[in-house]
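Hi,

Here is the structure I promised to send over. Have a look at it first, and then read on for what turned up.

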Amino acid sequence: AKQDGGNACHVFHPELEAALHDRVWLEAELRKGLQDAQMRLLYQPQVDAEGTIIGAEALIRWQHPERGMISPGAFIPLAEETGLIVPMGHWVLAEACERLARWATDPALAHLQLSVNVSVHQFQQHDFVAQVLAALADYQAPPERLTLELTESLLLANVESVIEKMMQLKHHGVSFSLDDFGTGYSSLAYLKRLPFNALKIDISFVRDVLVDANDAAIVKTIIALADSLQLKTVAEGVETLTQRDFLARLGCHHYQGYYYGRPGPAEDFEALITPSYAP
Ligand code: C2E
Ligand code: CA
Ligand code: CA
Ligand code: CA
């Protein structure tokens, strides 16, 4: 072992080397991308039981000058690791508040709710509440139209401070959804104490809900739990009418997915709402 021990670090691992280089490259590009305003928000409709659009979820994309549109799955994990998720999250909030302020001036759009994903890292910043309130104030956006989507991993941290922050924002009119419900750590005891308005049923349970009895049972349980806590349920990843009807029979309240619309530019989303006055 001693003989090759000394040489171990000279062994060339092309794949490791490539991955490492990729990370270094990606982090540098990500910093630049944030500075150069290469991020975009896409908007995906959320509908109620009647299929009426009640709002949208804002989903980030990275419009890279050479590599084209990059999905969040490819850069959010690195953004989390490097802390870049914090400035990125601020940008998302500012962009969302700017959009909400615009909607507020248009009677056809003023009722829409805008949901924004917040990473745990971002939420844990000591000045998170102040940052959200500042973004709202900067654009004069109505806090009542803003929903923050938080994940269960939040509950691994100091629950008292989570409650405190949520309560402060709730006091200003901001709403909360629990994202990816059922995929992570959940403590029902804590859930009861947190001021959530809705539970989002993760796409992984919705995908096979028609053919997988386990998934159907999980969804049924989530909806029953939400009902007992007086929370709305939002099913994500609804791709077919059959899925929607099945979820509706289980008592689901709201829906989001390709069946209703893919994430798209703000203008495309707004065009779905604004009544057409064509003769
Ligand atoms: P998420 O919050 O669970 O968002 C739902 C994901 O499902 C989105 O992927 C959406 O495009 C996709 N989706 C919606 N309907 C359907 C459907 O019917 N079928 C299928 N197959 N997929 C559907 P996306 O946009 O790639 O985002 C992935 C994740 O990245 C999000 O998962 C969220 O965790 C994160 N993310 C997105 N935008 C932001 C952001 O601004 N900030 C933070 N912190 N995270 C974000
Ligand atoms: Ca989400
Ligand atoms: Ca999800
Ligand atoms: Ca998520």
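Start with Asn117: an N or O atom in its side chain is 3.1 Å from an oxygen atom of ligand 1. Keep in mind throughout that this is a predicted model, so every distance here was computed from predicted coordinates. Two other polar contacts to ligand 1 are worth a look. A backbone N or O atom of Ile60 lies 3.1 Å from a nitrogen atom of the ligand, and a polar side-chain atom of Glu236 comes to 3.4 Å from one of the ligand's oxygen atoms. On its own, ligand 1 would expose 810 Å², and the protein buries 80% of that.

Where does ligand 1 sit? You'll find it in the largest pocket. The shell around ligand 1 holds 21 residues, and the closest are Gln44, Arg61, Asn117, Glu239 and Tyr258. Strand 2 gives the largest share of that shell, with 4 residues. The elements that supply two or more residues are strand 2 (53-64), helix 4 (85-104) and strand 6.

Now the metals. Asn117 turns up again here, as its OD1 is a donor to the calcium ion (ligand 2). The other donors to the calcium ion (ligand 2) are Glu57 (OE), Glu149 (OE) and Asp179 (OD), and the coordination distances run from 2.2 to 2.3 Å. Along the chain, the donors of the calcium ion (ligand 2) follow the spacing E-x59-N-x31-E-x29-D. Glu149 belongs to strand 5 (residues 146-151) and Asp179 to strand 6, so this pair ties together parts that are 30 residues apart in sequence. Are Glu149 and Asp179 buried or exposed? Both Glu149 and Asp179 are buried.

The calcium ion (ligand 3) is 5.7 Å from the calcium ion (ligand 2). Its coordination comes from Asp180 (OD), Asp202 (OD) and Glu236 (OE), at 1.9 to 2.4 Å. So Glu236 has two roles to check on screen: a donor to the calcium ion (ligand 3) and a polar contact to ligand 1. The donor spacing for the calcium ion (ligand 3) is D-x21-D-x33-E. Here the pair that links distant parts of the chain is Asp180, in strand 6 (residues 175-181), and Asp202, in the loop between strand 7 (198-201) and helix 9 (203-206); they are 22 residues apart. Asp180 has a relative accessible area of 25%, so it counts as partly exposed. Asp202 has a value of 9% and is therefore buried, the cut-off being under 20%.

A few words on the fold as a whole. The protein has 12 helices and 9 strands. Along the principal axes, its C-alpha atoms fill a box of roughly 75 × 45 × 45 Å. Of the 279 residues, 44% are buried.

Next, two backbone oddities. Most residues other than glycine have a negative phi. Gln140 goes the other way, with a positive phi of about 55°. Gln140 is in the loop between helix 6 (128-139) and strand 5, and its relative accessible area of 70% makes it exposed. Gln230 also has a positive phi, near 55°, and is not a glycine either. Gln230 is found in the loop between helix 10 (213-228) and strand 8 (232-235). With a relative accessible area of 74%, Gln230 is exposed as well.

Finally, some spots that could help you find your way around. Leu42 lies in strand 1 (residues 39-47) and is buried, with a relative accessible area of 12%. From Leu42 to Ser204 the C-alpha separation is 21 Å, with their positions 162 residues apart along the chain. Ser187 is in the loop between strand 6 and helix 8 (188-193). At 15% relative accessibility, Ser187 counts as buried despite its place in a loop. Ser187 and Pro87 are 30 Å apart, C-alpha to C-alpha, and 100 residues apart in sequence.

If you only have a few minutes, look at Asn117, which contacts ligand 1 and coordinates the calcium ion (ligand 2).

Cheers

Definitions and conventions
Residues are numbered from 1 along each chain as its sequence is written. Chains are lettered from A and ligands numbered from 1 in the order in which they are written. Side-chain values use heavy atoms; hydrogens and water are left out. Donors are N, O and S atoms within 2.8 Å of the metal (3.2 Å for Na, K and Ca); water is not among the atoms, so sites may look incomplete. Buried means under 20% relative accessible area, exposed over 50%, partly exposed in between (1.4 Å probe, protein chains only). A residue is near a molecule or strand if one of its heavy atoms lies within 4 Å of it. A polar contact is a pair of N or O atoms within 3.5 Å; within protein, one must be able to donate a hydrogen and the other to accept it, and residues adjacent in sequence count only if both atoms are side-chain atoms. Accessible areas come from the Shrake-Rupley method with a 1.4 Å probe; for residues, only the protein chains shown count as cover. On a 1 Å grid over the protein atoms alone, a cavity is a set of points where a 1.4 Å probe fits but cannot get out, and a pocket is an open set with protein on both sides within 12 Å along at least five of seven lines; lining residues have an atom within 4 Å of a point. A molecule sits in a cavity or pocket if more than half of its atoms lie within 2 Å of its grid points.
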